[in-house]
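Biologist: Please take me through one part of this structure, slowly and closely. Begin at a loop, then follow the chain into whatever lies around that loop.

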Amino acid sequence: MKQVYFDYNATTPVHPEVARAIHPFLDEFFGNPSSLHWAGRKVRSHYEKARGLVAQIIHAAPEEIVFTGCGSESDNHAIKGAARSQRDRGNHLITTVVEHPAVLNSMRYLEESGFLVTYLPVDRYGRVEPDEVKSAIRPETVLISVMLANNETGAVSSLAEIGGIARERGVLLHSDMVQALGKVPIDVESLRVDLASFSGHKMSAPKGVGALYIRKGLEIENLIHGGGQEGGRRAGTENMPSIAGFGKACEIARRDFEERNHNIDSLRKKLLEGIMSDVEKVTLNGDPERRLPNTINLSFEGAEGESLVIALDLKGIALSSGAACASGAAHPSHVLAAMGIPEALCRSSVRFSLGPENTASEVDYALSVIPGAVKRLREMSPFGPK
Ligand code: PLP
């Protein structure tokens, strides 16, 4: 059976060039970069090269990059570390209701130790109004966390404007940029963020590596205590193969940025237009314009999202209902609910997220099976349009 992967926001295949870049670190370059001897020395320069490549794609300096184990760790480190280090200045934090659980649950954890958190609502496109952020700032606010791109809908936030507000008011700004890396241009200087989170496995690198941007001069508390790796900011022997892969993936994402995103954007449009013309009662969730080039979130009225995912899986098509980490949960998506989408439509939503390996013939194949799958589910449902 044909297999089509439309779940790139959950994770991505490792790019062949990335796989090749990793390989030497599994045999010849096995050393610990902290070691003084030849085996360590052999690895060290590659390690710093990877840091430079990650820094380059977000317009940061290499010393502003800390390698972590994943995007969730970067979010935890940024939020807990910044909040705790600013505790004597205040105990108020601001975020939005549509953040990834790595942000929301870090915030909830801090609430247990005396921090107060404002969870800002979003508009129907899933974006927070910069003015709402401005109004929520109090004298005791020490940190704002707003994601650059949403993992479920692909909506891109007004981060530069929020960055301007945060700078003006002297409040630190963190942004979860896990889904944005490689898909939209990122310049941490012009976005005026102090902290930003990234993850390798969302952009053609392997799992087990992430990065945290910490603006030069900013000191935040550590999350993982131990040895002095990462300039004393993140303990643990460096995951050299994944770090080398992450660096290579950033290099490729920069090199191929225009072509790759142009192709993905045309495939997304083809898929969206095809579904919209062949299936009735479908709505697009999220901003139709300011969005990631690869993500489509649709509600198929009267067809249950999870059932559609299973039905399409039987045809070899992989996609997701809601965020991958929340799949299987009985609750409808917190992101769609926050956008004011009625519960029944939240439950009938699915996310297609495309990537560089997808082709027009895969989209054609999907378009040949989706209408039939939706029709069958609607016929079985007591609520579906017949
Ligand atoms: N933030 C966003 C927006 C995500 O989409 C994800 C993963 O789905 C994460 C953070 C967590 O990243 P990781 O899986 O690397 O921990």
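Modeller: Arg 192 sits in the loop between α7 and β7. Keep in mind that this is a predicted model. Look at the backbone of Arg 192. Its phi is near 55°, a positive value in a residue that is not glycine. Most residues other than glycine have a negative phi. Arg 192 is partly exposed, because its relative accessible area is 35%, and partly exposed covers the range from 20% to 50%.

Now step into the strand that follows the loop. Strand β7 covers residues 195-199. Strand β8 covers residues 210-214. The two run antiparallel, and five bridges join them. Take one pair as an example: Leu 195 has Ile 214 in β8 as its bridge partner. Strands of a sheet pair through backbone hydrogen bonds, either parallel or antiparallel.

The loop between β7 and β8 holds Ser 204. Here is another positive phi in a residue other than glycine, near 75°. How accessible is Ser 204? Its relative accessibility is 3%, so Ser 204 counts as buried. The limit for buried is under 20%. Compare the wording for the two loop residues: Arg 192 is partly exposed, whereas Ser 204 is buried.

Zoom out to the sheet. β7 and β8 belong to an open sheet of seven strands, in the order β2-β8-β7-β6-β5-β3-β4. The pairing is mixed. β2 (65-68) and β4 (116-120) stand at the edges. Each has a single partner strand, so one side of each is left without a neighbour in the sheet. Neighbouring strands are turned by 20° against each other on average, direction ignored.

Read along that order and β6 comes right after β7. Strand β6 spans residues 172-176 and contains His 174. His 174 is buried, since its relative accessible area is 0%. Which residues touch His 174, leaving aside its neighbours within four places in sequence? The list includes Leu 195, Ala 196 and Ser 197. Those three numbers fall within β7, residues 195-199. Also in contact with His 174 are Leu 143, Ile 144 and Ser 145, among others. Strand β5 covers 141-145, and those three fall within that range. One more partner on the list is Asp 75. The side chains of His 174 and Asp 75 are joined by a polar contact of 3.5 Å.

Asp 75 leads us to a helix. Helix α3 covers residues 71-85, a range that takes in Asp 75. The helix lies across β2, β3 (92-96), β5, β6, β7 and β8. It runs at about 165° to β7. Ala 78 and Ile 79 also fall within the range of α3, and both are in contact with His 174.

Another helix lies across part of the sheet. Helix α6, residues 159-169, lies across β5 and β6 and runs at about 160° to β6. Several of its residues are buried, among them Ile 162, Gly 163 and Ile 165. The buried residues of α6 pack against α5 (130-136), β5, β6 and α7 (188-191). That brings us back to α7, which borders the loop of Arg 192. After α6 comes Gly 170, with a positive phi near 70°.

Last, find the ligand. How many residues surround the ligand? There are 13, and the closest are Gly 71, Ser 72, Asp 176, Ser 199 and Lys 202. Place some of them on the picture you now have. Gly 71 and Ser 72 fall in the range of α3, 71-85. Asp 176 ends the range of β6, 172-176. Ser 199 ends the range of β7, 195-199. Some polar side-chain atoms lie close to oxygen atoms of the ligand. For Ser 72, an N or O atom of the side chain is 2.7 Å from a ligand oxygen. For Gln 179, a polar side-chain atom lies 2.8 Å from an oxygen atom of the ligand. For His 100, the distance is 3.4 Å.

Methods. Residues numbered from 1 in each chain as written. Predicted model: local features only at pLDDT ≥ 70, side-chain atom pairs only at ≥ 80, totals over all residues. Heavy atoms only, no water. Helix = DSSP H or I, 4+ residues; strand = E, 2+ residues; numbered from the N terminus. Buried < 20%, exposed > 50% of the residue type's maximum accessible area, 1.4 Å probe, protein only. Polar contact = N/O pair within 3.5 Å; in protein donor to acceptor, adjacent residues only side chain to side chain. Contact = heavy atoms within 4.5 Å. Pairing = 2+ DSSP bridges. Axes fitted to C-alpha atoms, helices over the stretch in contact; angles between N-to-C directions. Near = heavy atom within 4 Å.
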